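Biologist: I would like to learn how to read a protein model. Could we go through one together, feature by feature?

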Amino acid sequence: MTVSSGLTRVPGVLLGHASMGDTGVSAVVARETAGMLAAVDVRGGGPGTRETDLLAPHNTVQRVHAIILAGGSAFGLAAADGAMSELERRGRGFPVFGENAPGPRVPIVPAAVIFDLVVGSPGHRPTAADGAAAVAAAFAGQNAEQEPASGSVGAGCGATAGVLRGGFGQAARDVCGHVVAAGVVANPVGSVVDPETGLLYGDGARPAVNLAEFARLDYPKPQLNTTIGVVATDAPLPLAQLQRLAMAGHDGIARAVRPAHLPLDGDTLFAVSTAGEVGAGVGVEKLAALSAAAAEAVEAAIVDAVVSARPGYGVPTWSELTH
């Protein structure tokens with residue numbers, strides 16, 4: 001298994017951000033008109049989500065055209081409305097009367113939100129216009145040489161990780177001839193730093209925080225946080241195996257955040273495949289390797305989010321405490 005770059009390393013995945021200072025939207029968009037096969041796994045006790053029931057294997061629609069990650073708590077789900085409008089404008093969506101028949105197309109856009117209302121203004125929330133802007137940014141950047149940024153961008157703008165600033169993070173792994181990548185908004189109730197050592201739970205090789213300064217932090221830790229994200233792959237996984245990838249991704253949250261999956265967390269991970277036809281899927285050994293890569297990518301993406309966060313809004317950053 002080798003390490004590559006970020007979410008857009010997966011062929012067919014586009015990523016765009018709408019950054020609003022203290023909140024924002026991140027859009028994971030299918031490059032192809034047909035969309036991406038998708039599954040979801042919700043582990044937190046306080047999720048804020050949209051269209052997750054649609055992704056159950058026994059339901060009719062199996063492909064999505066984008067996934068929206070947003071700030072603003074439940075208010076931020078409005079961003080998915082704008083994402084749908086922008087996708088419809090581009091001719092994307094589920095063909096209601098058949099692929100070659102005239103009639104409406106309905107873009108399928110599941111969404112999840114974080115609670116970030118304690119950072120900046122609680123009345124400043126993503127709207128439909130911001131969701132549309134994030135999707136437009138994804139299409140505008142599909143030929144760009146540089147990947148979208150990590151840290152205090154998009155849905156990660158107002159994220160907090162315990163008493164530190166969180167953010168949007170990315171990581172990818174190359175395994176078994178495929179790519180498994182994660183884009184995660186790290187906004188957990190739990191801590192990403194071991195208070196005994198000052199090291200990040202997700203990457204102990206990085207510099208430790210100054211424990212004396214860390215112990216003195218008096219920023220009020222929110223009690224309604226959540227970690228949300230997307231695991232993407234180009235491996236040909238049917239829904240049941242894709243569901244396993246989403247489930248395994250939560251192990252990455254549990255490694256990088258302690259404690260995780262609390263009653264007031266809304267921890268939610270989507271998993272998407274851009275492989276097109278998937279057939280019977282992959283063998284058990286290969287699925288195990290892909291699942292392990294999903295957990296590693298999510299863990300690394302959380303670390304990327306935290307170490308890339310920029311100072312602001314009176315919330316300290318990991319980088320400030322390690323210099």
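Modeller: We will go through sheets, helix packing and a few loop residues in turn. Keep in mind that this is a predicted model.

Biologist: Let's start with a sheet. What is the strand order in the open sheet of five strands?

Modeller: The general idea is that strands of a sheet pair through backbone hydrogen bonds, either parallel or antiparallel. Here the order is E2-E3-E7-E10-E5, and the pairing is mixed.

Biologist: Which strands are at the edges?

Modeller: Look for strands that pair on one side only: these are E2 (13-19) and E5 (49-50).

Biologist: How do E7 and E10 run, parallel or antiparallel?

Modeller: Strand E7 (residues 66-70) and strand E10 (residues 111-113) run parallel and are joined by three bridges. To find the register on your screen, start from Ile68, which stands opposite Ala111 in E10.

Biologist: Which strands does helix H1 lie across?

Modeller: H1 (residues 79-89) lies across E3 (24-30), E5, E7 and E10, and it runs at about 150 degrees to E7. Helix H2 (residues 128-140) also packs on the sheet, where it touches E2, E3 and E7. The direction of H2 makes about 135 degrees with that of E2.

Biologist: And at what angle do H1 and H2 pack?

Modeller: For a pair of helices, read the angle, the distance between axes and the handedness. H1 and H2 pack at about 45 degrees, with axes 6 Å apart. That angle makes H1 oblique to H2. Their crossing is right-handed. On the H1 side, the residues that meet H2 are Ala79, Asp81, Gly82, Ala83, Glu86 and Leu87. Their counterparts in H2 are Ala128, Gly131, Ala132, Val135, Ala136 and Phe139. Sorted by class, this contact holds eight nonpolar, two polar and two charged residues.

Biologist: Let me try another pair of helices. How far apart are the axes of H4 and H5?

Modeller: The axes of H4 (residues 239-256) and H5 (residues 284-308) are 7 Å apart, and the helices pack at an angle of about 40 degrees. H4 and H5 are therefore oblique to each other. The crossing of H4 and H5 is right-handed. Among the contact residues are Leu245, Ala248 and Ile253 of H4, and Leu290, Ala294 and Ile302 of H5. By class, the H4 and H5 contact has 10 nonpolar, four polar and five charged residues.

Biologist: Back to strands. How many residues of E14 are buried?

Modeller: Remember the general pattern: in a regular strand the side chains alternate between the two faces of the sheet. In strand E14 (residues 178-186), nine of its nine residues are buried. Both faces are covered, with His178, Val180, Ala182, Val184 and Ala186 on one side. Val179, Ala181, Gly183 and Val185 are on the other.

Biologist: Which strands pair with E14?

Modeller: Strand E13 (residues 167-175) runs antiparallel to E14 and is joined to it by nine bridges. E14 also pairs with strand E15 (residues 228-233), in the antiparallel sense, over six bridges. Gly183 is a handy landmark here: Gln170 is its bridge partner, and Gly183 also stands opposite Val230 in E15.

Biologist: What links E13 to E14?

Modeller: They form a hairpin with two residues between them, and Cys176 in the turn has a positive phi of about 55 degrees.

Biologist: Now the loops. Is Gly71 buried or exposed?

Modeller: For a loop residue, check its accessible area, then its contacts beyond its sequence neighbours. Gly71 is in the loop between E7 and H1. Because its relative accessible area is 0%, Gly71 is buried. Outside its neighbours within four places in sequence, Gly71 contacts residues including Thr23, Val113, Asp116 and Pro126. The C-alpha atoms of Gly71 and Gly156 are separated by 7.4 Å, although these residues are 85 apart along the chain.

Biologist: Where does Thr227 lie?

Modeller: Thr227 is in the loop between H3 (211-216) and E15. With 0% relative accessibility, Thr227 counts as buried. Not counting residues up to four places away in sequence, Thr227 touches residues including Val184 of E14, Ile253 and Ile302.

Biologist: And which residues does Val257 contact?

Modeller: Leaving aside neighbours within four places in sequence, Val257 contacts Pro188, Gly190, Ser191, Val192 and Ile302. Val257 lies in the loop between H4 and E16 (268-273), and counts as buried at 2% relative accessibility.

Key: Residues numbered from 1 in each chain as written. Predicted model: local features only at pLDDT ≥ 70, side-chain atom pairs only at ≥ 80, totals over all residues. Heavy atoms only, no water. Axes fitted to C-alpha atoms, helices over the stretch in contact; angles between N-to-C directions. Helix = DSSP H or I, 4+ residues; strand = E, 2+ residues; numbered from the N terminus. Parallel < 35°, antiparallel > 145°, perpendicular 65-115°, else oblique. Left-handed = near helix turned anticlockwise from the far one by under 90°. Contact = heavy atoms within 4.5 Å. Nonpolar A, V, L, I, M, F, W, Y, C, P; charged D, E, K, R; others polar. Pairing = 2+ DSSP bridges. Buried < 20%, exposed > 50% of the residue type's maximum accessible area, 1.4 Å probe, protein only.
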